[in-house]
Amino acid sequence: MLSDSSHEIRQQADSALWEFLQEIKNSPSVDYGRMAEILVQRAASPDEFTRLTAITWINEFVKLGGDQLVPYYADILGAILPCISDKEEKIRVVARETNEELRAIKADPADGFDVGPILSIATRQLSSEWEATRIEALHWISTLLNRHRTEVLHFLNDIFDTLLKALSDPSDEVVLLVLEVHACIAKDLQHFRQLVVFLVHNFRVDNSLLEKRGALIIRRLCVLLDAERVYRELSTILEGEADLDFACTMVQALNLILLTSSELSELRDLLKKSLVNPAGKDLFVSLYASWCHSPMAIISLCLLAQTYHHASAVIQSLVEEDLNVKFLVQLDKLIRLLETPIFAYLRLQLLEPGRYTWLLKALYGLLMLLPQQSAAFKILRTRLKTVPSFSFNGEQIKRTSSGNPYSQILHSMPSGSQFSEDGDVNSDVGSSHGGINFASRLQQFEQMQHQHRIHGKAQAQLRSSSTSSSKEVQRPQEQHRPPPSDISRPSSRSSRKAPGQLQL
C-alpha cells in the first residue's frame, strides 16, 4: 500500500506501519525472523517509499533481535548491499547504518551461524554495477576471513575465480581491497602459490590487465606479502613459461617495477649486495633464471647488482636477431632510468673509471648498440663524456689524442690484470665471483635467447605462410584484370639510377 497511487492510502499505510513498529519495540516476545523474510523482499521494491520503510524496519530488527536473526543474516545482507548504492540518499544512509550494525554482531558458527550463504551473497555482489556495493561486499569477505578463516577457506574454490576477475575492476579502490583479501588468503604457503599461479594466468589471457593494472597489483602484493617472496615465486613460474612472448613481456614489466617502485627499495638494496651478501646472491640467481627471457631485463639486473663484468659479457653475447625494435625500445627506457636517483650510485662510480672499468665497458657497449640519432644515444654519450680522464685514487692517467676516457683507462691498466665485478683489482677473476658462477649464468642466458630466436623464426614463417595463402586467393582474381597502360608506368627519369645510388 505504500506504493499506492492514492496519497491518502500511502499516508495511512505508513501511519499504521509506524504504530506496528512501536508495538514491536515494546513487546517482550517477537518472531523477527518471519517478518524479516517479508522485509527483505520489499527492500528490492521499485517504489522508493516502500524501500525506505523496509530498510528502516530491517535496521530496527537488527538492533532489537540480532541473535534471533542469525539464520536470516544472508538474506538481510542481500537486501542491504544493493541499497547502499540506492539513488535516494535517505535509503543509502539507513542501509549503511544497518550494514555496520550487522557486521558488528559477532556470531559464532556453533550458534547456527553459517558462513557459506553470507559469503555467497557477498561474492555475488562483486558483480554489482555500483562501486559502493562492491566495496562493502569486499569488506564483508575480509571480515569473514579475519573472524572465520577456516570456514571461509572451505569455500575458496567457489569464490576464488570471482575474486580474480575483480582484479580487472574499473575502480582502483576495489582492486586494492581485492588484493587485501587475496593477501589474507595467501598467508598459507599453499594458497600463496595458488594465488601467484592464477595471477600469472590472468595476465596471460588478459593483456590489458597486465598493461593497465599490472604495476598496481604487483606493487600492492609486494607490500602485503613481502616483495622478495612475491618476486621469487613469480620468477619460478615464469622460468618454465611455455608462452615465450608473454614471458618476455611479463619479465620486462616486473623488471620495470623493480627499478622504479618505492615499495621495492629494500629488494633493490638487497640485490646491490649480491656479490657480498649470501641473501643477495640467492635472490640474484633466483631472478636471473626468468630474467633470461629479456636481454634488457638481464642487463638491468646486472647493473643493479653491480655485476658489471657479467653485464658486459651479456652485451657482447647479443647477436643480430636480438637487436630488434622491441630491444631498442627497452634499451631506451633503461638509458633514461640510468639518469634517475635509483642509479645515482652507478653514476658516482664513474668518478673512479680506473676501478670500475667493466661498468664503463658495459655502458659503452650499450652506446654502440644505439642508433646515433636517437635521444637515448645522446643522453648516454653526454653522461660518458663527463667521466673524468683520471682516477681519484692518486694514479694519473695520461690523456690520449682521442680524448676518450675509456681508451685512456684501458691503456693505464697493468698488463695481465683484470677487474672483478665489484671494481677491486684481481689478477685472476675466472668465471666465478661472490659465489656466483657467471659462466654458467651466461650459458643459461644464451640458451634461453636461442629458444626465443627459434620461436621468433617459427612465428615469422607462420605469418609468411598465411600471407602467401592470402595472396594465392587474390591471384586468380588479378588474372582477369586488364594490364596497366603505359601512362601508369613511372617516368624514365624517376626510374633512372643516379651514380652511387641504389635503385629501390
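Is Leu359 buried or exposed? Leu359 is buried, with a relative accessible area of 0%, where buried means under 20% relative accessible area, exposed means over 50% and partly exposed lies in between, for a 1.4 Å probe and protein chains only. The structure is a predicted model, in which local features need pLDDT of at least 70 and side-chain atom pairs count only at pLDDT 80 or more, while totals for chains, interfaces and linings use all residues. Residues are numbered from 1 along each chain as its sequence is written, and side-chain values use heavy atoms, with hydrogens and water left out.

The protein as a whole sets the scene. It holds 25 helices and four strands, these being DSSP runs numbered from the N terminus (H or I over at least four residues for helices, E over at least two for strands). Of its 504 residues, 46% are buried. If contact is taken as heavy atoms within 4.5 Å, then among contacts between residues at least 6 apart in sequence, 68% join residues at least 24 apart.

The interior can be approached through its largest nonpolar core, which has 146 residues and in which Tyr231, Trp291 and Leu303 have the most contacts. A nonpolar core is here a set of buried Ala, Val, Leu, Ile, Met, Phe, Trp, Tyr and Cys residues joined through side-chain atoms within 4.5 Å. At least three residues of this core come from each of domain 1 (188-293) and domain 2 (305-387 + 438-454), with domain bounds that come from an automatic or database domain assignment. Trp291 shows what such a position looks like in detail: apart from neighbours within four places in sequence, Trp291 is in contact with Tyr231, Val251, Leu254, Asn255, Leu258, Ala297, Ile298 and Leu301.

Among these partners, Ala297, Ile298 and Leu301 are also among the buried residues of helix α17. Eleven of the eleven residues of α17 are buried, so this helix is largely enclosed by the rest of the structure. The buried set runs through Pro295, Met296, Ala297, Ile298, Ile299, Ser300, Leu301, Cys302, Leu303, Leu304 and Ala305.

Two packed helices are described by the angle between their axes and the distance between the axes. Helix α15 (residues 265-272) packs against helix α17 (residues 295-305) at an angle of about 75°, with the two axes 7 Å apart; the axes are lines fitted to C-alpha atoms over the stretch in contact, and angles run from 0 to 180 degrees between N-to-C directions. The angle makes α15 roughly perpendicular to α17, on a scale where under 35 degrees counts as roughly parallel, over 145 as roughly antiparallel, 65 to 115 as roughly perpendicular and the rest as oblique. On the α15 side Arg268, Leu271 and Lys272 take part, and they meet Leu301, Leu304 and Ala305 in α17. The residues of this contact divide into four nonpolar, no polar and two charged, with Ala, Val, Leu, Ile, Met, Phe, Trp, Tyr, Cys and Pro counted as nonpolar, Asp, Glu, Lys and Arg as charged, and the others, Gly among them, as polar.

Just after α17, Gln306 takes a positive phi of about 60°, in a residue other than glycine. Gln306 lies in the loop between α17 and α18 (308-317) and is buried, with a relative accessible area of 18%. The C-alpha atoms of Gln306 and Leu359 are separated by 8.2 Å, although the two residues are 53 apart along the chain. Leu359 itself is found in helix α21 (residues 357-369), and, not counting residues up to four places away in sequence, Leu359 touches Leu303, Tyr308, Leu346, Gln349 and Leu350.

A second positive phi, near 80°, is found at Asp226, again in a residue other than glycine. Asp226 sits in the loop between α12 (207-225) and α13 (227-239) and, at 44% relative accessibility, counts as partly exposed. In helix α12 is also Asn207, which counts as exposed at 56% relative accessibility; Asn207 and Phe246 are 39 residues apart in sequence and 8.9 Å apart in space, C-alpha to C-alpha.

Two further buried positions complete the tour. His148, in the loop between α7 (131-147) and α8 (149-154), is buried at 9% relative accessibility and, leaving aside neighbours within four places in sequence, is in contact with Ala107, Pro109, Phe113 and Val115. Asn59, in helix α3 (residues 48-64), is buried at 4% relative accessibility and touches Val94, Glu97 and Thr98, not counting residues up to four places away in sequence.
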